Structure formats: structure tokens, C-alpha cells
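Reader: I've got the sequence and the coordinates open. Mind walking me through a few parts of this one?

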Amino acid sequence: MCQVLYWVCWPMLYNLCQSLFQATSQASLQILRLHSDLALQTGPGCQSSAHGLCPLAPAATLRPQRPERSQRPGRSACCRVAKQRRSPRSRREAGDWRRGPAAMAEGGKMAAGSGKMAAEARVGQVVLPGDVLLLPARPDHDAEQLPLDSGAAPRGRLLCGPGLRRCAAGLLVTKCGLLRHRQPGGGGGATAGGAYWVDSQQKRYVPVKGDQVIGIVTARAGDVFRLDVGGSEQASLSYLAFEGATKRNRPNVQVGDLIYGQFLVANKDMEPEMVCIDSSGRASGMGVIGEDGFLFKVSLGLIRKLLAPKCEIIQELSQLYPFELVLGMNGRIWVKAKTVQQTLIIVNILEACEYMTSEQRKQALAKLSGN
């Protein structure tokens with residue numbers, strides 16, 4: 001009997017509780033809506049009157065209404081008007097920097113124009129990216145007239161080295177460093193030609209056509225080898241780009257080998273391409289480097305210093321130990337001596353030469369030669 005009453009009364013109680021819950025929730029929502037309407041009608045300064053008009057809920061349970069933007073202190077309608085988007089004409093008149101790349105280019109030209117100076121006066125000084133170096137004028141040169149005197153000596157060519165780029169006004173600086181100038185071999189001043197470049201201590205290498213570098217074979221795709229040269233993109237090397245290589249006589253190149261070659265194609269819009277032969281088809285020391293030895297990397301400034309015709313560092317090291325040395329313009333050096341100990345000594349000396357003076361270097365070599 002009890003079980004029958006339980007199963008009969010339980011659904012009725014459940015339905016009654018559910019209906020009561022719905023009624024209370026609807027009543028609370030109506031009360032909240034009423035309070036919000038009263039608060040909007042009376043305004044932020046009359047919260048007490050709004051509380052008094054509604055006796056169903058206490059004043060402590062109501063939160064103060066947030067004033068509108070126009071009613072906040074220190075805000076006015078002119079602020080919103082000032083935030084309206086300006087028309088393209090007003091932006092052009094105001095000189096807005098968001099006009100586009102054309103405006104940025106004009107600004108860059110104006111900034112570059114402010115740093116114009118003669119290239120001769122800036123030799124040995126620090127130059128910054130964006131500076132424009134004016135080239136010396138040639139009064140006897142007229143582009144509209146052809147040279148009729150074939151016996152006259154030609155004027156020297158002006159070479160633009162690393163860190164500089166040709167522009168309409170002269171030379172545009174793209175790197176930070178010291179400006180250097182080299183006179184042409186035939187003598188003469190700067191007006192007779194020569195080479196300008198920026199001497200900077202950087203380690204990131206950008207491929208340049210004709211540079212001789214050391215690459216590491218990373219993959220082989222068909223008849224082309226992929227080499228890591230330290231740039232932003234890997235270089236390609238054909239198996240026919242070796243001395244005496246044919247379709248039947250292919251060079252023995254494996255993944256991980258070191259290749260010493262030069263760039264045949266180096267363009268910002270194309271993939272760099274390397275070869276291991278010169279213009280006459282000879283290897284000239286290029287090709288696969290031996291398995292033994294030690295490969296390490298230094299800054300590009302030290303590489304240019306070591307590649308100088310009369311480098312004191314190489315001459316002093318040659319008197320210490322006999323060794324083999326391969327220098328790449330991408331900052332990689334390969335060294336091999338008779339023993340591993342001698343090889344490591346030469347590597348440490350070459351790495352420390354960048355931050356040592358000539359006297360300190362001579363003292364270190366004297367201690368090693370005495371041992």
C-alpha cells in the first residue's frame with residue numbers, strides 16, 4: 001500500500017515543485033526589468049528614488065547603473081566626432097604616414113637626402129644604412145658624345161663592394177660599418193676609379209656572384225646536389241660542374257661532404273647555383289675537400305682580412321706549423337695539420353685573431369713556438 005501511494009504522489013510533488021520554481025524565476029526577472037527601467041528613466045543621480053519606487057527588492061541588492069559615454073566626466077560629443085575616419089583628401093593634406101608604400105618611399109628619399117655626403121670625405125668613418133655617398137664628378141665625361149680618340153687611356157672603373165648599392169644620386173649604404181676605399185692598380189686618385197665597400201662585423205652571408213665558398217652537401221635530387229652555404233637558401237650544384245665530369249664519369253660526392261666552389265648565379269630572385277670549375281674548365285683547387293680536417297666559422301670581416309694579399313696572420317702561422325687552409329667567403333674555414341693537437345692550436349689562434357692586436361698575437365705565437 002505504501003509503495004502504491006509513493007508512486008502516485010511522487011509525480012504530483014515533482015510537478016508542483018517545478019511549477020513553483022518557474023513562477024519564482026519569472027517574478028525575479030520581472031523585478032529586475034522593472035528596476036532597470038526605473039534606473040534609466042530617473043538617471044544616475046537618482047538611484048535612491050528608483051529604490052523607493054520598488055518596495056519588492058531592497059536597495060542594497062541593486063548595483064549602480066553605469067553612465068553612458070556622453071555622461072561620463074571629461075567626455076564630450078566632440079571626442080566622438082574627432083574619432084571619425086578622415087577622407088583620403090584630408091589624409092593627403094595632413095601627410096598621414098598610412099597613405100601607402102608610395103608615401104613611405106618619399107619619406108625614405110627625404111631621409112636619405114639629408115645624409116648625402118661626398119664618398120671621399122667619409123672614407124674611414126662610420127656610415128649607417130640609408131646614407132647616400134656622392135661620387136666624384138667627371139667634368140671631361142659627356143654621355144652624349146662618343147670617345148673618338150682610341151689611343152687615350154681609359155678611365156678606371158668604380159666597383160661597388162659589400163654594404164653599398166647603386167642609386168641615382170650615387171652609392172646607397174645598406175650596412176652599418178666603416179667605409180673603405182681601394183685605389184685602382186694603375187694609380188690615380190678616387191676620380192680614376194677604385195672600389196668602395198663597408199667593413200662590418202657580420203656573420204650572416206648573402207651570396208654574391210663570383211664568391212668562392214665552402215658548402216656542405218645536404219641532399220641529392222636527381223642530377224643536382226643541394227649545398228648549405230650559410231645563406232637564406234640552399235645552393236644547387238650539378239654533377240657536370242666538376243672538372244672532367246661526364247654522364248658516365250660522375251664525381252663521387254656523398255651527403256655530408258665539403259665542397260669548395262664559386263657562385264655562377266647569385267640573385268635575390270633566383271636560386272644560387274655553384275660550380276667547381278673556372279671559365280676555362282679547370283678545377284683551380286675547387287672540388288671536394290678531404291675527409292680529415294676541422295671546419296669552423298668566423299665573421300665575414302675576419303675572412304676578408306685573411307684573404308688579403310699580404311696577410312701577416314697567415315705568414316706567422318706558416319712559420320709555426322705546416323698546415324692546409326681553405327677560406328670561404330661565407331665565413332667558413334677548413335684547417336688540416338699533421339696532428340690533431342696542431343690543428344686545434346691553429347683553429348684557436350685564428351678564432352682569437354679577430355679580437356687580438358698584432359703584439360698580442362706575436363706574443364702568443366712566441367710562447368707556442370718555444371714549447
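Author: Sure, here are some questions and answers on this predicted model.

Reader: Start broad: how many helices and strands does the protein chain have?

Author: Burial first: of the 371 residues in the protein chain, 28% count as buried. Take the contacts between residues at least 6 apart in sequence, and 58% of those join residues at least 24 apart. As for the elements themselves, the protein chain has nine helices and 17 strands.

Reader: Let's go to the three-stranded open sheet. What is its strand order?

Author: Work from the pairings. β15 pairs with β17 (residues 332–337) in the antiparallel sense over four bridges, and β16 pairs with β17, also antiparallel, over five bridges. The edge strands, each pairing on one side only, are β15 (294–297) and β16 (323–327). That fits the order β15-β17-β16.

Reader: And by how many degrees are neighbouring strands of this sheet turned against each other on average?

Author: The sheet is open and its pairing is antiparallel. Ignoring direction, neighbouring strands are turned against each other by an average of 20°.

Reader: Which residue in β17 is the bridge partner of F294?

Author: You can read the register from a few pairs. On the β16 side, E324 stands opposite K336 of β17. On the β15 side, L295 has W334 as its bridge partner, and for F294 the partner is V335.

Reader: Is β17 mostly covered or mostly open, and how many of its residues are buried?

Author: Two strands flank β17, as the order β15-β17-β16 shows. Helix α8 (residues 340–352) also lies across β15, β16 and β17, running at about 145° to β17. Here buried means under 20% relative accessible area. By that cut-off β17 is mostly covered, and the buried count is five of its six residues.

Reader: What is the phi of G331 in the turn of the hairpin?

Author: The hairpin is formed by β16 and β17, with four residues between them. G331 sits in that turn, and its phi is positive, about 95°.

Reader: Now the helices. Are α7 and α8 roughly parallel or roughly antiparallel?

Author: Helix α7 (residues 312–320) packs with α8 at an angle of about 160°, and their axes are 12 Å apart. Angles over 145 degrees count as roughly antiparallel, so α7 is, relative to α8, roughly antiparallel.

Reader: What is the handedness of their crossing, and how do the contact residues divide into nonpolar, polar and charged?

Author: The crossing of α7 and α8 is right-handed. From α7 the contact uses I313, L317 and L320, and from α8 it uses I346, I349 and L350. By class they divide into six nonpolar, no polar and no charged.

Reader: Last one, on L128: is it buried, exposed or partly exposed?

Author: L128 lies in the loop between β2 (126–127) and β3 (132–134). Leaving aside neighbours within four places in sequence, L128 is in contact with V173, K175 and C176. The C-alpha atoms of L128 and L172 are separated by 9.7 Å, though the two residues are 44 residues apart along the chain. With a relative accessible area of 47%, L128 is therefore partly exposed.

Note on methods. Residues are numbered from 1 along each chain as its sequence is written. This is a predicted model: local features need pLDDT of at least 70, side-chain atom pairs count only at pLDDT 80 or more; totals for chains, interfaces and linings use all residues. Side-chain values use heavy atoms; hydrogens and water are left out. Two strands pair if DSSP finds at least two bridges between them. Axes are lines fitted to C-alpha atoms, for helices over the stretch in contact, and angles run from 0 to 180 degrees between N-to-C directions. Contact means heavy atoms within 4.5 Å. Angles under 35 degrees count as roughly parallel, over 145 as roughly antiparallel, 65 to 115 as roughly perpendicular and the rest as oblique. A crossing is left-handed if the near helix is turned anticlockwise from the far one by less than a right angle, and right-handed if clockwise. Ala, Val, Leu, Ile, Met, Phe, Trp, Tyr, Cys and Pro count as nonpolar, Asp, Glu, Lys and Arg as charged, and the others, Gly among them, as polar. Buried means under 20% relative accessible area, exposed over 50%, partly exposed in between (1.4 Å probe, protein chains only).
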